[in-house]
Amino acid sequence: MDIKHLELFAAVARYGSINRAAQELYISQPHLSHIIRDMETELGASLFQRSKSGVSLTPEGTLFLQHAQVILREMEDLRSFSRRFEQQDDRLLVSMTRFSHTMESFNAVCSRHQTRPRFLYRLNEGSALDVIGEVADGLSDLGVINFAAHAAERMSALLEGKRLDFAPLARLSPHIVLSKNHPLLRAGRPVTLEALRDYGFVRYTGQCEDFLYNIATEGQQTDLSSSSRIIYVHGRSALMHLISVSNFYTIGIQNFSAQEPMYQCVSIPIPDCVEQIQFGLISRRGESVSQIEQEFVEDVTQRYRRLETQL
């Protein structure tokens with residue numbers, strides 16, 4: 001159990017519904033339900049009473065919420081306190097969802113300034129919710145997130161509630177990512193979700209944005225999370241290495257620059273796909289951007305805009 005779990009628990013208590021809290025927090029309902037059940041197991045007590053109309057706190061849940069709110073307030077005070085002493089110059093603190101295109105922009109900017117006598121560069125990776133939380137809490141100054149284009153209004157409300165600005169980068173279609181030596185490619189067969197049904201599907205552990213794995217094509221919805229062969233990994237490197245040496249596949253976007261030369265993997269558009277992924281930059285409202293941060297903003301903007309022009 002960690003601070004993030006306490007925040008999720010408090011949100012469920014506030015909305016009186018796991019489904020509503022999941023929608024507002026932009027995570028999947030099954031994932032949030034699993035977290036709440038794990039918390040109850042760890043505590044050895046039921047936190048919520050379930051009903052058709054939603055959930056309500058049990059006596060144990062009410063007491064637990066009181067303690068959780070104290071901890072959450074203290075954590076916010078600690079974050080505000082620590083931010084006062086952080087070095088403001090020559091730093092680039094970025095959080096990102098797991099797309100190598102963003103990492104390449106970060107690497108490019110850090111490399112250009114590697115001879116500076118003093119600097120602080122940091123790149124964190126996680127889900128969209130992780131990135132939003134880290135930027136809102138001041139652990140990172142900039143964030144690059146992605147979400148289902150049809151959920152833009154809900155995402156806008158979430159960012160507004162955390163006083164974060166959003167700058168769109170690109171709207172892209174999901175692709176199938178697999179090895180250049182995959183049997184389908186070697187046999188010259190079409191690469192489709194149906195054709196890949198009997199191959200292993202690789203996804204990230206704890207990935208909340210289930211829309212990326214629930215793909216709508218013309219006249220059909222494919223829920224990859226219900227695949228009979230699923231491999232869970234934590235990081236981008238592990239995922240790409242695994243795909244490069246196997247017949248497994250995943251869902252991503254267009255090739256990043258090192259994808260083919262380093263991993264011998266290719267990205268192939270999903271036939272008749274009607275889904276779109278919105279990418280964007282987030283930052284805390286009212287805060288100025290340093291020169292090195294502006295360089296990152298310009299680099300990542302150009303990188304994603306180039307991908308958009310390839311459609």
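Leaving aside neighbours within four places in sequence, Leu224 is in contact with Leu193, Phe201, Tyr213, Ile215, Ile230, Tyr249 and Ile251, where contact means heavy atoms within 4.5 Å. This is a predicted model, in which local features need pLDDT of at least 70 and side-chain atom pairs count only at pLDDT 80 or more, while totals for chains, interfaces and linings use all residues. Residues are numbered from 1 along each chain as its sequence is written, and side-chain values use heavy atoms, with hydrogens and water left out.

## Two nonpolar cores

Leu224 is a good place to start, since Ile176, Leu178, Leu224 and Ile251 touch the most other members of the largest nonpolar core, which has 28 residues. A nonpolar core here is a set of buried Ala, Val, Leu, Ile, Met, Phe, Trp, Tyr and Cys residues joined through side-chain atoms within 4.5 Å. Buried means under 20% relative accessible area, exposed means over 50%, and partly exposed is in between (1.4 Å probe, protein chains only). Two or more residues of this core come from each of β7 (175–179), β8 (201–204), α9 (236–244), β12 (249–252) and β13 (265–269). These element names follow DSSP runs, numbered from the N terminus: helices are H or I with at least four residues, and strands are E with at least two. Another core lies apart from this one; it has 23 residues, including Ala10, Met39, Val55 and Leu129.

## Strand β5 and its partners

Now have a look at β5 (residues 142–148), where seven of seven residues are buried. Strand β3 (residues 91–96) pairs with β5 in the parallel sense over three bridges, and strand β14 (residues 277–284) runs antiparallel to β5, joined by seven bridges. Two strands count as paired if DSSP finds at least two bridges between them. Leu142 appears in both pairings: this β5 residue is the bridge partner of Val94, and its own bridge partner in β14 is Ser283.

## Helices α7 and α2

Which residues of helix α7 are buried? In α7 (residues 152–161) they are Met155, Leu158 and Leu159. Seen down the axis of α7, they fall within an arc of 95 degrees, so they line one face of the helix; the arc is that of the directions from the helix axis to the C-beta atoms. They pack against α2 (18–25), α6 (128–136), β5, β6 (164–172) and β14. On the other side of α7, Glu153 and Gly161 are exposed.

Helix α2 can be described in a similar way. Its buried residues are Ile18, Ala21, Ala22 and Leu25. They cover an arc of only 100 degrees around the axis, which puts them on the same side of α2. Their cover includes α1 (3–15), α3 (29–43), β2 (54–57), α6 and α7. At the start of α2, a side-chain oxygen of Ser17 reaches to within 3.3 Å of the backbone nitrogen of Asn19. Between the two helices, Ala157 and Leu25 are 132 residues apart in sequence and 9.8 Å apart in space, C-alpha to C-alpha. Ala157 lies in α7 and is partly exposed, with a relative accessible area of 46%.

## Positive phi values

Most residues other than glycine have a negative phi. The table lists some residues with a positive value.

| Residue | Place | Phi |
|---|---|---|
| Tyr26 | just after α2 | about 60 degrees |
| Arg163 | just after α7 | about 55 degrees |
| Gln264 | loop between α10 (259–263) and β13 | about 55 degrees |

Arg163 lies in the loop between α7 and β6 and counts as exposed at 52% relative accessibility. Gln264 is partly exposed, with a relative accessible area of 38%.

## Around Ser179 and Cys265

Gln264 also turns up beside Ser179 in strand β7. Leaving aside neighbours within four places in sequence, Ser179 is in contact with Leu185, Ile243, Ser244, Ser246, Gln264 and Cys265. Ser179 is buried, with a relative accessible area of 2%, and a polar atom of its side chain lies 3.0 Å from the backbone nitrogen of Asn181.

How many disulfides does the structure hold? There are zero, a disulfide being a pair of cysteine sulfur atoms within 2.5 Å. For Cys265, the closest cysteine sulfur is in Cys273 at 20 Å, too far for a bond. Cys265 counts as buried at 0% relative accessibility, and Cys110 counts as buried at 12%.

Technical notes:
Polar contact = N/O pair within 3.5 Å; in protein donor to acceptor, adjacent residues only side chain to side chain.
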